[in-house]
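Hello,

Here is the structure I said I would pass on to you. Have a look at it first, and then read on for what turned up in it.

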Amino acid sequence: MALQLDVMREIRHQLLPYQVGDRPITGATVISDGSTIDSLTLMDMIMALEDRFDVSLPINLIAEVRTVDQLADMVLTLCGRA
């Protein structure tokens, strides 16, 4: 449970500069729809998550991630394998 909270906290921290208006960043928040975060920024965020949690996120799976929950689940799954 602590790891799950850490992952969500880190993702929210990474997305905070791209938060739109007053809407909070939740698990359902769409990470990249082309209007808030570009692909280069997304890759920087992915690299920061990889460093923070000592995992390697497969690029082919990253392309399928749309929400904060999906990204958190991917990180948690890979942490469980380590």
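A good place to begin is the pair formed by helix H1 (residues 2-15) and helix H2 (residues 39-53), which pack with their axes 11 Å apart and at an angle of about 150°. Please keep in mind that this is a predicted model. Angles over 145 degrees count as roughly antiparallel, and H1 and H2 are therefore roughly antiparallel to each other. The crossing of H1 past H2 is right-handed.

Which residues make the contact between H1 and H2? From H1 come Leu3, Asp6, Val7, Glu10, Ile11, Gln14 and Leu15, while H2 brings Met45, Ala48, Leu49, Arg52 and Phe53. Sorted by character, the residues of this contact are eight nonpolar, one polar and three charged.

Some of those names come back when we turn to charge pairs. Side chains of opposite charge can pair when their charged atoms come close. How many salt bridges does a search of the whole structure find? The search finds two.

One salt bridge joins the side chains of Asp6 and Arg9, at 3.1 Å from N to O. Asp6 and Arg9 are three residues apart in helix H1, so about one helical turn separates them. As for their surroundings, Asp6 is partly exposed, with 26% relative accessibility, whereas Arg9 reaches 51% and counts as exposed.

Another salt bridge is formed by the side chains of Arg52 and Glu10, with 3.9 Å from N to O. Because Arg52 lies in helix H2 and Glu10 in helix H1, this pair ties together parts that are 42 residues apart in sequence. Both residues also belong to the H1 and H2 contact listed above. Is Glu10 buried or exposed? Glu10 is buried, at a relative accessible area of 16%, while its partner Arg52 is partly exposed at 44%.

Finally, I would like to point you to a spot in a loop. Thr67 sits between helix H3 (59-62) and helix H4 (68-81). With a relative accessibility of 17%, Thr67 counts as buried, because the cut-off for buried is under 20%. What does Thr67 touch, leaving aside residues up to four places away in sequence? The residues it touches are Gly27, Ala28, Thr29, Val30 and Ile31.

I hope you enjoy looking around in it.

Best wishes

How values were computed:
Residues numbered from 1 in each chain as written. Predicted model: local features only at pLDDT ≥ 70, side-chain atom pairs only at ≥ 80, totals over all residues. Heavy atoms only, no water. Axes fitted to C-alpha atoms, helices over the stretch in contact; angles between N-to-C directions. Helix = DSSP H or I, 4+ residues; strand = E, 2+ residues; numbered from the N terminus. Parallel < 35°, antiparallel > 145°, perpendicular 65-115°, else oblique. Left-handed = near helix turned anticlockwise from the far one by under 90°. Contact = heavy atoms within 4.5 Å. Nonpolar A, V, L, I, M, F, W, Y, C, P; charged D, E, K, R; others polar. Salt bridge = Lys/Arg side-chain N within 4 Å of Asp/Glu carboxyl O. Buried < 20%, exposed > 50% of the residue type's maximum accessible area, 1.4 Å probe, protein only.
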